[in-house]
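Please read the following report alongside the sequence and the coordinates.

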Amino acid sequence: MSNIIEFFQNLELLDWIFYLIGGLMIIYSLFAVEAKKVFDSILALSAVSLLSVLLFIVLKAPDVAITEAAVGSGLASAVMIFALFRMKAGEKK
Amino acid sequence: MRRIWAVLISAVFLYFLIASYYPTLPMFGNIDMYRRVSFDYISKSTTKEYQPVEFKKSKDLEDGSANVVTSIVVNYRSFDTLGEVTVLFAAALGVGILANIRKRRIEFEEHKVLATATGIVFPLILLFGAYVFIHGHLTPGGGFPGGTIIALGVLLLMLSKNEFKVTEIAKHTEQIAGSGYVLVGLIGMAIVGVFLANFLPTGVVGNLFSAGVVPIVYTLIGFKVGAELSSLVSEMREGDKA
């Protein structure tokens, strides 16, 4: 237990940013799992990848950050939303 | 009950992560680079002795790209990248087959503000995507993100105009760019003797024409990924032939 207390005493500002973004990512992923509507899950997943872009920038990996911003939060969400529309169009018939 | 188990398991996992695993990791940015394999890649001197690389001064290095990630992805592990491109092609093929089941097209409400703004923003998006993959060996970026940015521009066009369609030209572009990559590899095999080897001179680090074959390969990958992903999104929307 003393390990954990030391761990929180030794944190710096950058570490606090880290854990804030990480905690938000965990909250959004829980929301994506638990949400009633599939559309809300897709939006939460997009938010998770947007937050991970921030983490990648802090970790000095701009290549991965650009790719994640374009693929993860842009194109993947669009493809998933199109697939959702297509599924709904099939259900109505 | 299921949730209680999930919370318990993640609490135990977090405890071990913070208490026992985290203290064994070196602090961020304090790794001794001389003892890592990546050091040789970063100093671009796997054959000769170590010399510091100076921007706009160093000449005739093993690989002339200023961006380390690009030099690893396209120069040292280019065959791997060829495999990745093939995987992306297989994924687009799968979507093309699966999205063919229903022929109903997804329609959007046309919005005048969005349509006007797209006309202004779309050329800028194209320009930025081209910049990302042409300067892939100098600044962060490369073929994959550049192509995806172009595909996102096409997606914006798709959202703003209902009658917009991605034509067959996208597929032809993708085929030509993909076979161009293999062709570059075969030319390297003919000149140097190794598949996908660098056969052009590497100039001064930091210039546009500096990394030999890397800018050519990344431009081809950018065209291929852009065309492929735009036709993937379009197939997802159209259902029938894109």
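The report below covers each chain in turn, with a table of like values.

This is a predicted model, in which local features need pLDDT of at least 70, side-chain atom pairs count only at pLDDT 80 or more, and totals for chains, interfaces and linings use all residues. Residues are numbered from 1 along each chain as its sequence is written, chains are lettered from A and ligands numbered from 1 in the order in which they are written, and side-chain values use heavy atoms, with hydrogens and water left out.

**Chain A**

Chain A contains 4 helices and 0 strands, where helices (H or I, at least four residues) and strands (E, at least two) are DSSP runs numbered from the N terminus. Its radius of gyration is 17 Å, well over the 12 Å from the globule rule for 93 residues, so chain A is more spread out than a compact globule. That radius is taken over C-alpha atoms, and the rule is 2.2 Å times the number of residues to the power 0.38. For charge, the mean positions of the 7 positive and 8 negative charges of chain A are 22 Å apart. Lys and Arg count as positive and Asp and Glu as negative, without His and the chain ends; each charge is placed at NZ of Lys, CZ of Arg, CG of Asp or CD of Glu.

**Chain B**

Chain B has 8 helices and 0 strands. Its radius of gyration is 23 Å, against a value near 18 Å for a compact globule of 242 residues. The 21 positive and 19 negative side chains of chain B have centres 6 Å apart.

UniProt, in an unreviewed entry, places the feature "domain: Na+/H+ antiporter MnhB subunit-related protein" at residues 113-229 of chain B; such annotations may be inferred rather than shown by experiment. This span is 68% helix and 0% strand, and its end C-alpha atoms lie 26 Å apart.

B:Ser231 sits in helix 8 (residues 214-238) of chain B. With a relative accessible area of 7%, B:Ser231 is buried (under 20%; exposed is over 50%, partly exposed in between, with a 1.4 Å probe and protein chains only). B:Ser231 and B:Ile125 are 106 residues apart in sequence, and their C-alpha atoms are 17 Å apart in space.

**Box and burial**

| Item | Value |
|---|---|
| Chain A, C-alpha box along the principal axes | roughly 60 × 30 × 15 Å |
| Chain B, C-alpha span along the principal axes | about 60 × 60 × 35 Å |
| Chain A, buried residues | 35% of 93 residues |
| Chain B, buried residues | 39% of 242 residues |
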